[in-house]
Amino acid sequence: MAKPKQKVVITCAVTGAIHTPSMSPHLPVTADEIAEAAIGAARAGAAVLHLHARDPETGKPSQDPALFEPFLRRIKAETDAIINITTGGSPHMTVQERMRPATTFKPELASLNMGSMNFGLFPMLGRFQDFKHDWEREHLENSRSLIFRNTYQDIESILELGNANGTRFEFECYDISHLYNLAHFVDRGLVKSPPFIQSVFGILGGIGPHPEDLMHMKRTADRLFGNEYEWSILGAGRNQMPLATIGAAMGSNVRVGLEDSLWIGPGQLAESNRSQVERIRTILEALNLEVATPAETRAKLGLKGGDNVAF
């Protein structure tokens with residue numbers, strides 16, 4: 001009997017809070033732009049849509065639930081994709097600010113950063129010089145002295161909120177210690193099996209983007225969680241497609257999107273989130289892998305279903 005093909009979950013992170021509007025004319029900012037980008041990504045094969053909001057006038061990241069609601073409702077109406085709301089927000093925000101959208105809308109899935117860390121965005125000042133808005137340069141420059149706070153109490157508070165609302169998590173692990181932090185909460189019974197681990201590579205302050213770093217993360221996760229976890233790969237910037245390809249060949253799910261990389265090739269800006277989803281889908285299918293549908297992804301991750309959210 002032929003072995004069934006591996007079903008790979010594609011997550012698309014549509015806009016994020018790292019890049020700024022002056023870096024790319026294709027970065028979604030308004031509610032309509034975010035909705036259209038997310039819908040396009042879903043139609044191209046993304047089963048999960050990881051979503052942030054921005055001020056429509058300046059493009060500055062915002063956790064105001066009023067800015068989330070218009071695009072959440074439209075995406076839900078026009079796709080069956082799983083909506084994943086950030087609790088990371090921006091490293092410049094308080095934890096209380098960051099939790100507001102997930103508290104309000106009770107999504108199927110939310111992101112959760114698994115440890116405090118340096119989060120260096122300032123190297124992008126070497127590539128980008130001209131900015132439309134004052135906040136953009138400050139956003140990058142101030143990361144030199146920034147600690148992205150995710151204490152044990154912060155993580156526990158977000159987990160308790162999610163458990164009360166039936167929300168599960170995309171556990172963003174930027175370093176080896178974050179896997180151990182996750183194992184701590186699994187052991188305490190605050191995280192249900194299987195955890196959905198998003199291994200993040202290439203952010204200054206976290207683990208690097210070398211293939212050996214990916215292997216080290218995988219070996220550590222295997223030792224801590226055995227077969228009882230779902231694994232996904234996020235490579236920042238130019239590392240996006242190479243690391244996703246390596247990970248998929250090893251059995252991982254993948255994440256793409258303009259939050260994580262503005263590029264589709266060397267020196268070539270991606271014109272849409274959809275183009276990145278299409279690119280990774282082409283790679284996956286060339287590896288003889290199948291793309292998971294939203295229904296298959298809900299079953300994999302044990303999600304509560306799109307009818308049980310508050311939007």
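## Arginine 281 and glutamate 285 in helix H9

Glutamate 285 counts as partly exposed because its relative accessibility is 43%, a value between the 20% limit for buried residues and the 50% limit for exposed ones. In this predicted model, arginine 281 falls into the partly exposed class as well, with a relative accessibility of 29%.

The side chains of glutamate 285 and arginine 281 form a salt bridge, in which the closest N and O atoms are 3.0 Å apart. Helix H9, which spans residues 273-286, contains both residues. They are separated by four residues, or about one turn of the helix.

## Arginine 255 and its two glutamate partners

Arginine 255 takes part in a salt bridge with glutamate 172, with an N to O distance of 3.1 Å. Because arginine 255 belongs to strand E13 (residues 253-256) and glutamate 172 to strand E10 (residues 168-173), the pair ties together parts of the chain that lie 83 residues apart in sequence. Both arginine 255 and glutamate 172 are buried.

A salt bridge also joins arginine 255 to glutamate 259, where the closest N and O atoms are 3.2 Å apart. Glutamate 259 is buried, as is arginine 255.

## Salt bridges across the structure

In total, the structure holds 20 salt bridges. A network of such bridges links Asp32, Glu36, Arg43, Arg74 and Glu78.

## The eight-stranded barrel

Strands E10 and E13, which carry glutamate 172 and arginine 255 respectively, are both members of a closed barrel of eight strands. The order of the strands is E2-E3-E6-E7-E10-E11-E12-E13, and their pairing is parallel. From one strand to the next, the twist averages 25°. In general, the strands of a sheet pair through backbone hydrogen bonds, in either a parallel or an antiparallel arrangement.

One of the pairings within the barrel joins strand E12 (residues 230-235) to E13, in the parallel sense and over two bridges. Isoleucine 233 has valine 254, in E13, as its bridge partner.

## Helix H7 against the barrel strands

Helix H7 comprises residues 211-225 and lies across three strands, namely E10, E11 and E12. Strand E11 covers residues 196-201, and helix H7 runs at about 155° to this strand. The strands that H7 crosses are also listed in the strand order of the closed barrel.

Methods. Residues numbered from 1 in each chain as written. Predicted model: local features only at pLDDT ≥ 70, side-chain atom pairs only at ≥ 80, totals over all residues. Heavy atoms only, no water. Salt bridge = Lys/Arg side-chain N within 4 Å of Asp/Glu carboxyl O. Buried < 20%, exposed > 50% of the residue type's maximum accessible area, 1.4 Å probe, protein only. Pairing = 2+ DSSP bridges. Axes fitted to C-alpha atoms, helices over the stretch in contact; angles between N-to-C directions. Contact = heavy atoms within 4.5 Å.
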